[in-house]
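Visitor: Before we begin, may I ask for the reasoning behind each label as well as the label itself?

Guide: Certainly; each term will be set against its criterion.

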Amino acid sequence: MGDIPNLADQIPEPPDNTLLVLKFGDEYRVIQRGDTLSREYSDNEDERWFDMSDSDSDPLGWREALKYAEKVYACGSLLASR
């Protein structure tokens with residue numbers, strides 16, 4: 001059985017504060033890159049992605065965050081404002 005392809009190999013790592021929606025089968029997860037916040041939680045500068053659905057999650061590296069994702073969607077278009 002071969003390795004599962006990692007979508008991190010296909011797309012460059014987005015900049016700080018980027019929100020992404022990841023699709024895993026029938027489930028979705030929102031992750032956010034947080035460079036400043038990651039310095040408080042990890043000595044590894046590559047671990048700067050946070051799972052927004054789990055406030056207790058540790059920061060993840062780019063490859064780890066996308067490890068099992070089947071699809072990656074950019075999130076951040078303004079839908080409404082006052």
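Visitor: Why is glutamate 13 called partly exposed?

Guide: In this predicted model, glutamate 13 has a relative accessibility of 27%. Buried means under 20% and exposed over 50%, so glutamate 13 falls in between and counts as partly exposed.

Visitor: What makes the pair of arginine 48 and glutamate 13 a salt bridge?

Guide: The N to O distance between the two side chains is 3.0 Å. The criterion is a side-chain nitrogen of Lys or Arg within 4 Å of a carboxyl oxygen of Asp or Glu, and the pair therefore qualifies. Arginine 48 lies in the loop between H1 and strand S3 (49-51), and glutamate 13 in the segment before S1, so the salt bridge ties together parts that are 35 residues apart in sequence.

Visitor: Is arginine 48 itself buried or exposed?

Guide: Its relative accessibility is 16%. The limit for buried is under 20%, so arginine 48 counts as buried.

Visitor: How do you know that arginine 33 also forms a salt bridge with glutamate 13?

Guide: The closest N and O atoms of arginine 33 and glutamate 13 are 3.9 Å apart. Because the cut-off is 4 Å, the pair is counted. Arginine 33 belongs to strand S2 (residues 27-33) and glutamate 13 to the segment before S1, so parts that are 20 residues apart in sequence are tied together. At 10% relative accessibility, arginine 33 counts as buried.

Visitor: Which residues are joined into one network by salt bridges that share partners?

Guide: The network consists of Glu13, Arg33, Asp35 and Arg48. How many salt bridges does the structure hold? There are 5.

Visitor: What makes aspartate 9 and arginine 63 one of these pairs?

Guide: Their closest N and O atoms are 2.4 Å apart, which is within 4 Å, so the definition is met. The pair links distant parts of the chain, since aspartate 9 is in the segment before S1 and arginine 63 is in helix H2, 54 residues apart. Aspartate 9 is exposed, with a relative accessible area of 57%, whereas arginine 63, at 45%, counts as partly exposed.

Visitor: Why is serine 38 called buried?

Guide: Serine 38 has a relative accessible area of 5%, and buried means under 20%, so the label applies. The residue lies in helix H1 (residues 35-41). A polar atom of the serine 38 side chain lies 2.7 Å from the backbone oxygen of aspartate 35. Leaving out residues up to four places away in sequence, serine 38 touches Glu47, Arg48 and Phe50.

Visitor: What is noted about the phi of asparagine 17?

Guide: Asparagine 17 has a positive phi of about 70°, although it is not a glycine. Most residues other than glycine have a negative phi. Asparagine 17 lies in the segment before S1. With a relative accessible area of 52%, asparagine 17 is exposed, because the limit is over 50%.

Visitor: Which residues form the largest nonpolar core, and which elements contribute to it?

Guide: The core has 11 residues, including Leu7, Phe24, Ile31, Trp49 and Trp62. Strand S1 (19-24) and helix H2 (62-65) are the elements that give two or more residues, and the largest share, 3 residues, comes from S1. Isoleucine 31, a member of this core, is in contact with Leu20, Leu22, Trp49, Ala65 and Leu66, among others beyond four places in sequence.

Terms used. Residues are numbered from 1 along each chain as its sequence is written. This is a predicted model: local features need pLDDT of at least 70, side-chain atom pairs count only at pLDDT 80 or more; totals for chains, interfaces and linings use all residues. Side-chain values use heavy atoms; hydrogens and water are left out. A nonpolar core is a set of buried Ala, Val, Leu, Ile, Met, Phe, Trp, Tyr and Cys residues joined through side-chain atoms within 4.5 Å. Buried means under 20% relative accessible area, exposed over 50%, partly exposed in between (1.4 Å probe, protein chains only). Helices (H or I, at least four residues) and strands (E, at least two) are DSSP runs, numbered from the N terminus. Contact means heavy atoms within 4.5 Å. A polar contact is a pair of N or O atoms within 3.5 Å; within protein, one must be able to donate a hydrogen and the other to accept it, and residues adjacent in sequence count only if both atoms are side-chain atoms.
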